[in-house]
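This report walks through selected features of one protein chain. Keep the 3D view open while reading.

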Amino acid sequence: MYTTTTTFIVYILCMLIIGIIAARMTRSLNDYVLGGRSLGRVVTALSAGASDMSGWLLMGLPGALFVSGISGAWIAIGLTVGSWCNWKFVASRLRSFTANASDALTLPDYLAARFCDRYRITAVAAAIIILIFFVVYCASGMVSAARLFEQTFHMDYSNALLIGAVSTIFYVFIGGFLAVSWTDTVQASLMIFALLLTPVIVIMDCGGWDAANALIAANKPEMSQFLTGMTLVGFLSLVGWGLGYMGQPHILVRFMAAGSVRGMGDARRISITWMALCLIGAVLIGYYGYVFSLRHPEVSVHNPEQIFIIVTQTLFTPWIAGILLSAILAAIMSTLSCQLLVASTTLVADGYRRFVRPHASQSELIWCGRIMLLVVAAIAYAIAMDPNSGILALVAYAWAGFGASFGPTILVSLFWRRMNLYGAIAGMATGALTVLIWEYGAFLGLYSIVPGFIFSLIAIFIVSIATEKKDDSAVLLFDKLEKQFWDEVKDK
């Protein structure tokens, strides 16, 4: 316990030091929100991956594989394909469009500029959606941290929740976007180390591939079948996770913060390689974690989402276990920190600066962002106080909300010149409402992001065509942004 505690303390102190260094380089709202658009390709790639793969990667996903077997890996396949498409079709264009459309710092800023929205209706709608779903997403991160401290240190859930939340909030509070991006890079390295090493040791403990697979075949053969018991609805629900990437603000903001369009191809290759290796590791931990539980009946697995923690504590020395468990904290902190930052800066950039204090100083805006961060964190903390909260369930809800409301809107806005203000509003509203209604009714058992994404696309095209104007200034702006984008591509 002493060794593990020491490892955790050292890790958290390192993150705080990075936050302090970043704070000394944060002088404006642009620095605090996007790091001055100065991220290199490696930091862009790894911070995008780390901010995406939250505690669900080391807890929620292995837990799902532990219960369902290898068929749960379709989530990982869908996510990998979706992430690649996001990098390939959205990253470069979004970086160029946001920089050239009034130097937009946030997604609501971009949407208002892209559709020449004088009254900022799109910005307000987008900000509301971000706040609704991000507090749920942030709550999932806090629950993950609480589960980690609860299992590792045998703490009371409420105390574990408080420590996990405070550990993350502090370095975001002082350092802003640079702190989040730099720490994400360190955390991504720690995560891939844990996810490559742990499954190898688990399989060795099970007697090797053949012995482990033989145990599965003898005790629960359906675990080894990719499609056994799989319905079309179930398949679409798992693979449909990949649709969510194009609408996640905490991932898209990494594209916006890149130094330039140059290097996006290299960043994509780095990020997808890192992601694929991490997902494979998480899948193997959950799948062979079941074999581990058979070979170690003395170890009780009450909560499948804690299988990585249990395996680590059982098979590794205290020092190595402390490092590997810190990887869970890294996954949690990397995503939670970015989500808190995006939510709080949305309130400042699209609320306080636009409607309350348009001429506020840069220092005032930074401090306002810090205060808003505490407000968002407090709301998320209140949601996370329920000890029965499921990590994957919370993530699924927020992921669907963002993917269905922003995904089609962002994607179409970057490629279709005829999309207009009314189409954008209709797309966001339709996607968000579909998820809210679908999740409440659980229709057909289909994951809400699938119908939400489809209905949002339909709404965008129908409403844009129905309200089309010949002299729409948004069309002229699109042509200008398109030309600037291709000029940047040629400069590469």
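A cavity here is a set of grid points where a 1.4 Å probe fits but cannot get out. Its volume is the space filled by probe spheres set on those points. The model is a predicted one.

**The second largest cavity**

By this rule the model has 2 cavities of 30 Å³ or more. The second largest encloses about 60 Å³. Its lining consists of A48, G49, D52, S83, N86, W87, Y245, I251, F255, S271 and M275. Four helices give two or more residues each to that lining: α3 (41-52), α5, α11 and α12 (264-295).

**Aromatic pairs**

Two of the lining residues, W87 and F255, also meet as rings. How are the rings of W87 and F255 arranged? Their centres are 4.7 Å apart and their planes stand at 65 degrees. Planes over 60 degrees apart count as edge-to-face, so this pair is edge-to-face. W87 belongs to helix α5 (residues 74-100). F255 belongs to helix α11 (residues 249-256). The pair therefore ties together parts that are 168 residues apart in sequence. Are W87 and F255 buried or exposed? Both are buried.

F402 and F406 give a stacked pair. Here the centres lie 6.2 Å apart, with 15 degrees between the planes. Both of these residues are buried too. F402 and F406 also belong to a cluster, in which ring pairs link them with F133 and Y397. The count for the model comes to 16 aromatic pairs.

**Charges over rings**

Two rings carry a charged side chain over the face. The charged end of R93 sits over the ring of F415, 4.3 Å from the ring centre. K220 lies over the face of Y290, at 5.4 Å from the centre of that ring.

**Helix α7 and the residues beside it**

Helix α7 covers residues 121-153, 33 residues in total. From first C-alpha to last it reaches 48 Å. That is close to the 48 Å expected at 1.5 Å a residue. Where does α7 bend? The bend is at F134, by about 25 degrees. How much of α7 is covered? Mostly: 26 of its 33 residues are buried.

Most residues other than glycine have a negative phi. Three residues around this helix go the other way. Just after α7, H154 takes a positive phi of about 55 degrees. C116 has a phi near 50 degrees, a positive value in a residue other than glycine. C116 is placed in the loop between α6 (107-114) and α7. R120 has a positive phi as well, near 55 degrees. R120 is found in the loop between α6 and α7.

What is the accessibility of these two loop residues? C116 counts as partly exposed because its relative accessibility is 32%. R120 has a relative accessible area of 13%, so R120 is buried.

**Contacts across the sequence**

Three further residues can be checked against a partner elsewhere in the chain. The table gives their C-alpha separations.

| Pair | Separation in sequence | C-alpha to C-alpha distance |
|---|---|---|
| V202 and Y288 | 86 residues | 7.0 Å |
| K470 and R418 | 52 residues | 9.8 Å |
| S326 and Q187 | 139 residues | 9.0 Å |

V202 is part of helix α8 (residues 157-205). At 1% relative accessibility, V202 counts as buried. S326 is part of helix α14 (residues 318-356). Its relative accessible area is 2%, so S326 is buried. K470 is found in the loop between α19 (449-466) and α20 (473-491). Is K470 buried or exposed? K470 counts as exposed, at 91% relative accessibility.

**Where to look**

Start at W87 and F255: both are buried, and both line the second largest cavity. Then follow α7 to its bend at F134. Go on to H154, just after α7, for its positive phi. Finish at K470, in the loop between α19 and α20.

Conventions
Residues numbered from 1 in each chain as written. Predicted model: local features only at pLDDT ≥ 70, side-chain atom pairs only at ≥ 80, totals over all residues. Heavy atoms only, no water. Phe/Tyr/Trp six-rings, centres within 6.5 Å; stacked < 30°, edge-to-face > 60°. Buried < 20%, exposed > 50% of the residue type's maximum accessible area, 1.4 Å probe, protein only. Lys NZ or Arg CZ within 6 Å of the ring centre and 35° of its normal. Expected span 1.5 Å × (residues − 1). Bend = angle between axes of the 7 residues up to and from the residue. 1 Å grid on protein atoms, 1.4 Å probe; cavity = no way out; pocket = protein on both sides within 12 Å on 5 of 7 lines; lining within 4 Å.
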